[in-house]
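Here is a quick tour of one model, taken piece by piece. Keep the viewer open and follow along.

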Amino acid sequence: MDADMNQGQTANQEQTVKSIAPSVHQTSNNTPNMGGGVPAVQYWAEHTLSPEGVKLWQTLLHKSACLSCAWGTGGQKGGFTDETGETMQRCMKSVEAISAEIQPAVTQSYFDQHPIASLQTLTSLEADRLGRLSYPMILRAGQSHYQRVSWDEVYSIAEAAFRQPAERVASYSSGRSSNEAAYLLQLMMRAMGSNNLADCSDLCHAPSTVGLKQVFGSGTSMVSLENLRKSDCVVLIGSNAPANHPRLMNELIKLRDRGGKVIVINPIVEVGLVKFGSPAFPIKSLFTGSDIASLYLQLIPGSDTALFTGIQKVLIERDWVQWDYLKAHTEGWEAVIEQVRSTSWEAITSTCGISQEEIELTARVIHDTQGVVFAWAMGITHHENGVDNVHAIANTALMTGNAGKEGAGTMPIRGHSNVQGYGSMGVTVRLKQEIQQALEKLLGRSLSRVQGYDARALIEAADAGKVDTLICIGGNLYAANPDLNQAKQALGKIETIIYLATKPNLGHFHGLANQNTLIIPVFNRFENPHKTTVESGNNFVRLNDEGKTHLKQADLISEVEFLTELAHRRLGDNPIDWRKLQDTQYVRQLIAQTIPGFEQMAAIDQTQEEFTIGGRIFTTPHFPTPSGKATMFPTPLPHLSLPTPADFGRSDIDSGIILTLITARSYSQHNTVVYKPGDPYRGMPHRNCILMNRSDVKRAELQEHQRVTVQGDAGQLEQVEIIYGDVREGSALMFYPEVNVLFKARIDKRCGTPAYKRVPVLVFAESA
Ligand SMILES: Nc1nc2c(c(=O)[nH]1)N[C@H]1C(S)=C(S)[C@@H](COP(=O)(O)OP(=O)(O)OC[C@H]3O[C@@H](n4cnc5c(=O)[nH]c(N)nc54)[C@H](O)[C@@H]3O)O[C@H]1N2
Ligand SMILES: Nc1nc2c(c(=O)[nH]1)N[C@H]1C(S)=C(S)[C@@H](COP(=O)(O)OP(=O)(O)OC[C@H]3O[C@@H](n4cnc5c(=O)[nH]c(N)nc54)[C@H](O)[C@@H]3O)O[C@H]1N2
Ligand code: SF4
Ligand SMILES: [Mo]
């Protein structure tokens with residue numbers, strides 16, 4: 001095709017593309033007409049100019065990675081730089097996270113005066129606002145209050161607890177802490193003979209890790225930030241990046257500026273994905289906003305596999321498949337092509353709710369662009385068929401030759417700021433063989449081959465009375481799980497739970513052990529007395545400088561010190577000299593020695609050179625699989641049926657509606673920790689709201705602002721206010737963690753991740 005023709009076609013196509021890009025609907029009187037914008041800067045200004053401002057600025061400038069998301073801003077080149085050295089890269093989410101960490105300490109008299117029954121009435125926001133934890137505490141069986149406890153007693157309880165049989169001890173972790181703490185945690189657990197290393201990633205991107213590993217032999221993003229900047233199309237699937245990865249929005253703005261396209265796939269029209277006002281471009285973007293989506297596909301939740309099968313069907317029908325690439329660089333493609341061919345258009349469009357015409361247009365945009373990056377988050381992974389979703393995306397990338405070249409590839413957008421580092425360090429129930437062998441060499445004996453518990457399996461095992469001891473390095477295992485009542489009951493059967501945390505959260509008050517619940521207050525990333533490292537979602541390792549805490553007379557400990565001391569007491573000094581590892585330099589030496597791709601860690605203390613992990617970024621189509629080729633897997637279409645009122649045991653009600661509930665984050669929370677009650681960008685004034693499509697509300701004979709009951713298969717929430725939103729008909733949105741009381745866990749069995757984004761609920765009027 002000659003260049004002119006090509007250009008003509010692109011211009012026409014741009015028009016059509018625009019026609020299905022949404023304009024911003026004012027779904028509620030007060031919703032802003034773009035994401036980001038002035039409120040984000042106002043928040044910045046209010047906080048940085050307030051009395052806490054000095055401390056906040058010191059922290060922002062501290063040479064350490066941002067605490068919040070895995071986009072990974074900050075580090076040795078200063079708090080504001082990304083890995084390419086570009087500055088002005090800290091968003092208000094970072095300020096939000098720091099503000100919470102620089103609160104004063106909760107006083108001892110507070111815990112002396114408030115029994116556990118009173119602490120259990122606190123909301124997530126109230127628990128976080130209590131302030132920082134500053135001394136070790138214990139809640140003993142039969143007692144009503146958390147009490148201060150000496151370090152001697154802490155260690156003697158912990159040591160005894162870890163003398164239980166190895167299969168009855170477990171850990172859970174959340175990727176806020178360092179690579180060094182992660183490495184020590186798994187080394188200690190494995191040295192004790194336990195593989196029970198549950199991690200928040202089990203509830204998050206495990207389907208990406210499992211799915212990508214099967215296809216490409218590597219479970220992380222294959223796209224570097226530099227490569228993202230060379231792409232001319234980003235397909236953004238199931239991500240609310242304006243709230244959860246704000247600096248990614250700058251990349252999308254730059255992409256649109258250079259003539260690239262953004263295809264958004266999401267059942268909800270998120271205002272910031274239509275238009276985003278970025279403080280990084282004050283003149284161009286902040287006040288008027290920049291267009292983000294060129295094409296917005298508002299599909300039925302849980303149907304992404306069907307949509308991608310449709311895109312692949314167009315590629316086959318129009319002969320747009322890169323056959324030479326497929327034959328040379330992939331295996332298993334025949335079965336995938338056959339499956340797509342034999343799937344009818346009717347099945348595809350009725351499953352995903354997107355017309356054939358729209359799917360054809362989408363395929364054309366992907367076909368017409370040079371480098372396509374497929375990026376996704378929880379909208380893809382939080383499903384019973386999460387791994388299929390990931391396979392379907394990877395298949396599309398492979399059929400169009402968009403894997404293993406510059407400016408293209410598959411890019412899971414990771415969650416917590418060091419969640420990926422936790423996986424790399426071996427905190428996983430799917431340990432890589434190379435690491436296993438290296439650890440065996442280090443420990444001088446073979447490791448247990450018993451399958452460990454992932455986060456869901458841990459809850460089930462605890463509920464079945466099979467766990468005696470649990471150590472939690474951060475996180476909130478209680479509130480992050482589906483079915484809060486089950487989570488509480490399960491944790492309540494564990495004899496000893498040790499929580500290492502910076503701030504109190506709901507888990508510390510509801511996730512109580514049968515005998516002893518210990519809370520160990522720890523330094524956060526910018527306070528640690530030693531250097532640490534973390535890994536961003538783009539596979540970039542950052543070095544964090546030592547720091548100091550603002551808390552006066554606090555009795556904090558570093559995660560590294562606690563773990564090494566516990567390991568020393570429990571395991572002695574042979575073959576690992578645990579106390580020597582309190583100096584994190586030595587931990588980095590072990591990491592360099594045993595974790596593939598981390599060889600440069602050996603010199604980082606001398607060079608201070610942050611680095612991209614070896615063997616992860618692919619710019620040529622050779623992958624770390626036995627054959628060097630990618631493996632393709634057929635992806636069956638999901639059967640998306642809904643229950644009936646009778647299934648909820650509610651044949652008594654004659655009004656109401658059954659909806660597919662998406663459970664997600666508001667614009668002002670970090671996972672289970674709520675920073676502000678409402679969500680202005682979705683017009684939701686408080687947390688007990690349900691965002692519904694106007695026509696569903698009418699169909700159910702309900703009204704906006706009416707208070708309703710929302711019932712799932714595990715529980716119900718009452719007095720929930722209906723808010724109109726641009727949600728796909730038949731679905732709705734509510735906020736986690738509160739909503740976790742509603743439903744039981746349905747998981748993708750290949751990775752254990754719960755279907756948080758497709759929860760069947762019955763919504764009905766209170767009077768019914
Ligand atoms: N400020 C802030 N930043 C964070 C976090 C935070 O809580 N606050 N959490 C961190 C963590 S751990 C994570 S995992 C990430 C989470 O980042 P996201 O994945 O962006 O978070 P969610 O709020 O779960 O939003 C999921 C999006 O997927 C869409 N979606 C729901 N169902 C489907 C579906 O079936 N298909 C498609 N295509 N889309 C769907 C929803 O409408 C929503 O826009 O953010 C990280 N960053
Ligand atoms: N319904 C529903 N449920 C979900 C989700 C959803 O979308 N919907 N999302 C899931 C996802 S993606 C995830 S990742 C999980 C999140 O689950 P978790 O990671 O378990 O939970 P967080 O709320 O991130 O944990 C926050 C706590 O970590 C502690 N903390 C913070 N910084 C540090 C530190 O430096 N060191 C230590 N030791 N502790 C620290 C603080 O005490 C804070 O209260 O939730 C999952 N649950
Ligand atoms: S995008 Fe993520 S890593 Fe970057 S400043 Fe914002 S919260 Fe921090
Ligand atoms: Mo996550």
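Two strands count as paired if DSSP finds at least two bridges between them. With that in mind, look at this predicted model towards the end of the numbering: strand 24 (residues 689-692) and strand 26 (residues 716-724) run parallel and are joined by four bridges. Across that pairing, Met692 faces Tyr724 in strand 26. Strand 26 also pairs with strand 25 (residues 707-711), again through four bridges, but here the two run antiparallel. Gln711 sits opposite Gln716 of strand 26, and a hairpin of four residues links strand 25 to strand 26. As a reminder, strands of a sheet pair through backbone hydrogen bonds, either parallel or antiparallel.

Now for another sheet. Strands 17, 18 and 19 make an open, antiparallel sheet in the order 17-18-19. Which strands stand at the edges? Strand 17 (532-535) and strand 19 (611-612) do, and each has a single partner strand, so one side of each has no neighbour in the sheet. Strand 17 is held to strand 18 (residues 540-544) by four antiparallel bridges, with Thr533 opposite Leu543 in strand 18.

Leu543 also leads us to Gln76, a residue in the loop between helix 3 (53-61) and helix 4. The side chain of Gln76 comes to 3.0 Å from the backbone oxygen of Leu543. Is Gln76 buried or exposed? Its relative accessibility is 13%, and the cut-off for buried is under 20%, so Gln76 counts as buried. Beyond its neighbours within four places in sequence, Gln76 contacts Lys63, Leu543, Asn544, Asp545, Gln608 and Glu610. Glu610 is 534 residues away from Gln76 in sequence, yet their C-alpha atoms are 7.5 Å apart in space.

On to the ligands. Ligand 1 is surrounded by 32 residues, and the closest are Asn266, Glu270, Gly302, Gln669 and Asn671. Ligand 2 has 32 residues around it as well, with Tyr172, Asn476, Glu559, Thr672 and Asn740 the closest. Some polar contacts of these two ligands are set out here:

| Ligand atom | Residue and atom | Distance |
|---|---|---|
| Ligand 1, oxygen | Asn240, polar backbone atom | 2.7 Å |
| Ligand 1, oxygen | Asn266, polar side-chain atom | 2.7 Å |
| Ligand 1, oxygen | Gly302, backbone N or O atom | 2.7 Å |
| Ligand 2, nitrogen | Ala480, polar backbone atom | 2.8 Å |
| Ligand 2, oxygen | Lys503, backbone N or O atom | 2.8 Å |
| Ligand 2, nitrogen | Asn740, side-chain N or O atom | 2.5 Å |

Asn266 and Gly302 are thus among the closest residues to ligand 1, and Asn740 is among the closest to ligand 2.

Ligand 3 has 13 residues around it, the closest being Cys66, Cys69, Gly72, Thr73 and Cys91. Helix 4 (92-101) and helix 13 (246-257) are the elements that give two or more residues to this shell. Sorted by class, the shell around ligand 3 holds five nonpolar, five polar and three charged residues.

Last stop: the nonpolar interior. The largest nonpolar core has 80 residues, and Phe216 and Val235 are the ones that touch the most other members. Leaving out residues up to four places away in sequence, Phe216 touches Met222, Ala394, Leu398, Ala403, Thr410, Phe623, Pro624, Thr625 and Ala630. Apart from that core lies another of 57 residues, including Phe162, Leu185, Leu443 and Leu566.

Technical notes: Residues are numbered from 1 along each chain as its sequence is written. Chains are lettered from A and ligands numbered from 1 in the order in which they are written. This is a predicted model: local features need pLDDT of at least 70, side-chain atom pairs count only at pLDDT 80 or more; totals for chains, interfaces and linings use all residues. Side-chain values use heavy atoms; hydrogens and water are left out. A nonpolar core is a set of buried Ala, Val, Leu, Ile, Met, Phe, Trp, Tyr and Cys residues joined through side-chain atoms within 4.5 Å. Buried means under 20% relative accessible area, exposed over 50%, partly exposed in between (1.4 Å probe, protein chains only). Contact means heavy atoms within 4.5 Å. A residue is near a molecule or strand if one of its heavy atoms lies within 4 Å of it. Ala, Val, Leu, Ile, Met, Phe, Trp, Tyr, Cys and Pro count as nonpolar, Asp, Glu, Lys and Arg as charged, and the others, Gly among them, as polar. A polar contact is a pair of N or O atoms within 3.5 Å; within protein, one must be able to donate a hydrogen and the other to accept it, and residues adjacent in sequence count only if both atoms are side-chain atoms.
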